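Q: I'd like a close look at one cavity, if there's one worth showing. Please tell me what surrounds it and how it fits into the rest of the chain.

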Amino acid sequence: MALLKSFRLKILLKSISNPKVIAVSVGVVMLLLSAFFINLRHNYSKQQHEIEMSLQLNAIHKNLEHTLKASFNSNLAMGMTINDQGVPENFESVAANIIRLNPIIDAIELVPNGVIKYIYPLEKNKEAYNFDILNNPKSPLISQEAQMAIQRKSIYFAGPLELKQGGLAIVGRYPIFLKNKFWGFSAVVIRFDDLMKASGIYSIKNPKYYYQFSKKNPLTQKEEFFLSQSSNLENKIYKKIHVPDGNWTLYIIDKQSDKFYLSDLLPYLIISLLLTFIIPYLVYTILKKPQELALINSLQEKQIQRSDAKFKIIFNKTSIAIVQINAENRNMMEVNPQFCKLISKDALKLIGKPFIDYVHPEDINLLNESFNSTSSFLTKSQSIVIRLKNPHNEYIWTQIVSLPLMEENENENENEKSIILAIDNITERKIAEEKLIQSELQFKILFDESPIPLWEEDGSEVIKHLDQLKLIGKDQLYIADFFNENPEVLKELIQKIKVINVNQECLKLYNVNTFEELMNVFVTSLNVSTKDSMKEMLINMCQGKNKGHTHGNIIFADGSTKYIATTWNVVDGYEETFGKIIISTEDITEQINNQKLIISSEQRLQSLINSIEGIVWESNPEMHEFQFVSAKAKFILGYETSEWIGSKDFWKSKIHKDDRDWATKLCRESVKNNDYFSFEYRMIAKNGTTVWLRDIVNVERQEGKPILLRGIMIDITTQKENEAVLNKSLNMVTEQNKRLLNFSYIVSHNLRSHTSNIQSLAILIKESQDPKEKQKLIQLIETVSNDLNDTITNLNEVINIRKNVNLNVENLKLVTFVLKSLDSISESIREKNIKILGKIPPQATVEYNRAYLQSVLINIISNAVRYCKKTDNDRFIKFNYYEEQEFSVLEIEDNGIGINMQRYKDKIFGLYKTFSNNKDANGIGLFITKNQIEAMGGKIEIQSELNKGTLVRIYFKN
């Protein structure tokens, strides 16, 4: 198919090989016979159409071939990982590198004997594992296509087919033969969509064409199509290319039918008659472009063919360093970029040079033996480890795998032998091996010379026995109960622990001179404490732990006792078998005895601290996190000591919200500047009560920096309560004195006014001779005396308010008293057509004296009614209620005549102060209202604007 396509393309290019002749011919024909021009134009358009389709199809085909060749090289590289025994080496690392370099590959498989045994990555391809592709009656198509690869003895791409792990893909299988015997396949899996994307089918957007991808089913011999576009080719113009590596057919299909109409060609006829010289030039230009494209396409094809022949085995982009060597003179024929990178040399400087020039002198003999022996590089694949040299005279450890080849020369009767060497840099591995040897040597020196008593033990038999007992992975309590119920098993396990070696310090610790004496002491001194330590170690081993810490005591034959602390660690690399355990021991007898003394001392100190009437505490200076709190903390505040310790914000969070900021700030600043300070604040106890504390703090410093806070919190709640009562009494007396002084001024002023009037009238009566005048003066004295009586009555009411210190206070519903006050003046409200607005929550209550609340509300509401505007028909009184800090606030707003606050602001609550011409105003109501509100611990505020209205806020103390 490819040859037929090439032949047709050559014929087409030859027919248009001389654009100038065709252009002239077109011009002559256009002048002589327009009909012939139309026919020629028709043929030209069709040819141009086919050329364009061929070029686009060829581009897609080239992209597809490049992708398949990359997959072929990946298959080859995977085949090279299989050693002479047919076992893959470094499968996962090689596969990972290949996928990293060729991201289009979805998975890599090795299929020995037709069964998928190696997959990378495994996780998402588990379903395909162990799938037999050669002998599977359920999948005859898969088996037949796999056989085709074996028959071809080259790579064959099966599919597209549905994968066991899901999805549509092609599978490129390369048959591998070891010693002329079929071993299996190396396979790459490419998702069908990824293949189409790489070919460019998905990315090329052309409104005139679409693509189709098909394959003839080997079983049914029917052509199957795999792209979503239409597969009906009837009456369609299309081009196709056969892809032999997968037996596929690639189509490019014109979306329009093969119809050309005369009406489409009429413009060309007209133009040909008018533009005789322009059209030939255009034809020349159009014909020249396909010729250039065809030439470029031909050059590209030749270049690809040369590249395919040259790099059929060696692929430059492989991750493995590869060198092709002439078997006769051992000069380098070809090198890939990875080898250049390894040797740090340019390829041109390496080709033709002896490979042996870059080998370490000590390894030259080994390399020569590999070339000259009976089973040499020339006859079979081998692997050796040698050192190669770079230009910096640095040597690199490498593992070289050989692959003998026969390369055909131009003379078909001659064969030139060459060898492919696949080279892997193993320098890091060799360095690691040397370090391991050095580490083992250092370990032995450190073990023997260590000042710490050390044991080396083998626990492999123990872990096997534990596995037989099915204790591995069991719960700790289950294992402990098992050992308690089966002491003979525990003893048997302890005896299975094999002591490999001990150092000199270990012998000193157990007061012996030889290893045998130590073993005897260990057996005879195996008491309850020692068994418990060993049991704890065995439990940890069952739990999969690789290290642990135990302690116990050893009773010697002379009756003396030593307390021993033991730390054991499994050496790296022995985590599964426990074959090498290092145990360090320490004589902690003196430490244990000291601890007993310290515990006894701490118990006495604790008893002393708990007897102190206060909370003794210690904390760090930065976060104020408590490290110690005495038992009195629960008695004073109700919190357990565990709630104090370990919580970063415990102290701050329990401080009263009003004291929190200043108390914490004071503490921080005092810690910086003082070694000793005290302050008083409130904390909230667990039961919600407030407790006053005096905190006396001592700052412990190191090199001038605070390292510890230590103090005592003393409960001073009772003292504070007494102070509060005393301050309240003092404030009350002070306030009463202030009010009494103010009241004396009022009494003095008001009574003096009336007495002065009476005195003046009495003098006038005495001096008057006219009886009528005297009668008028006497009537005036009566009026003044009535005013005096009213003044005394008002002053008496004020005195009564101030005398009532212990008023009867009740929990009163505010809305009830507001409604009652409105009812008492409802007639006036209806008469003046005043609207009552707003809303007071039914549940709103105040702690108040019943008579005072009624008096305050009636005074304020009656003022709002009394001083409403006479001409305004939209009069209202509006109520509003809300909470503000420690007060409940009632707002009473009206749109009455208002008050000039700039003028009367300081006199608004004065006695006998009036601010309107209303004859009913007497200046006593607001004065009494203010006194009543303040007597209940509240306050009153007034906002008013003349001719706009008044807003009164009454603050009720919560």
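A: Strands here are DSSP runs of E with at least two residues, helices are runs of H or I with at least four, and both are numbered from the N terminus. Bear in mind that this is a predicted model, where local features need pLDDT of at least 70, side-chain atom pairs count only at pLDDT 80 or more, and totals for chains, interfaces and linings use all residues. Residues are numbered from 1 along each chain as its sequence is written, and side-chain values use heavy atoms, with hydrogens and water left out.

The structure has seven cavities of 30 Å³ or more (sets of points on a 1 Å grid over the protein atoms alone, where a 1.4 Å probe fits but can't get out). Let's take the second largest, with about 160 Å³ of space, the volume being what probe spheres set on the points fill, with points joined across faces, edges and corners. It's lined by 15 residues, each with an atom within 4 Å of a point. Closest to the centre of this cavity sit Ile116, Phe131, Leu163, Val171 and Arg173.

Where does the lining come from? Strands β1 (105-112), β3 (156-162) and β4 (168-178) each give at least two residues to it. By type, the lining has 10 nonpolar residues, four charged and one polar (Ala, Val, Leu, Ile, Met, Phe, Trp, Tyr, Cys and Pro count as nonpolar, Asp, Glu, Lys and Arg as charged, the others, Gly among them, as polar).

Now zoom out: the protein chain holds 31 strands and 30 helices. Of its 958 residues, 41% are buried, meaning under 20% relative accessible area (1.4 Å probe, protein chains only).

Conventions: 1 Å grid on protein atoms, 1.4 Å probe; cavity = no way out; pocket = protein on both sides within 12 Å on 5 of 7 lines; lining within 4 Å. Buried < 20%, exposed > 50% of the residue type's maximum accessible area, 1.4 Å probe, protein only.
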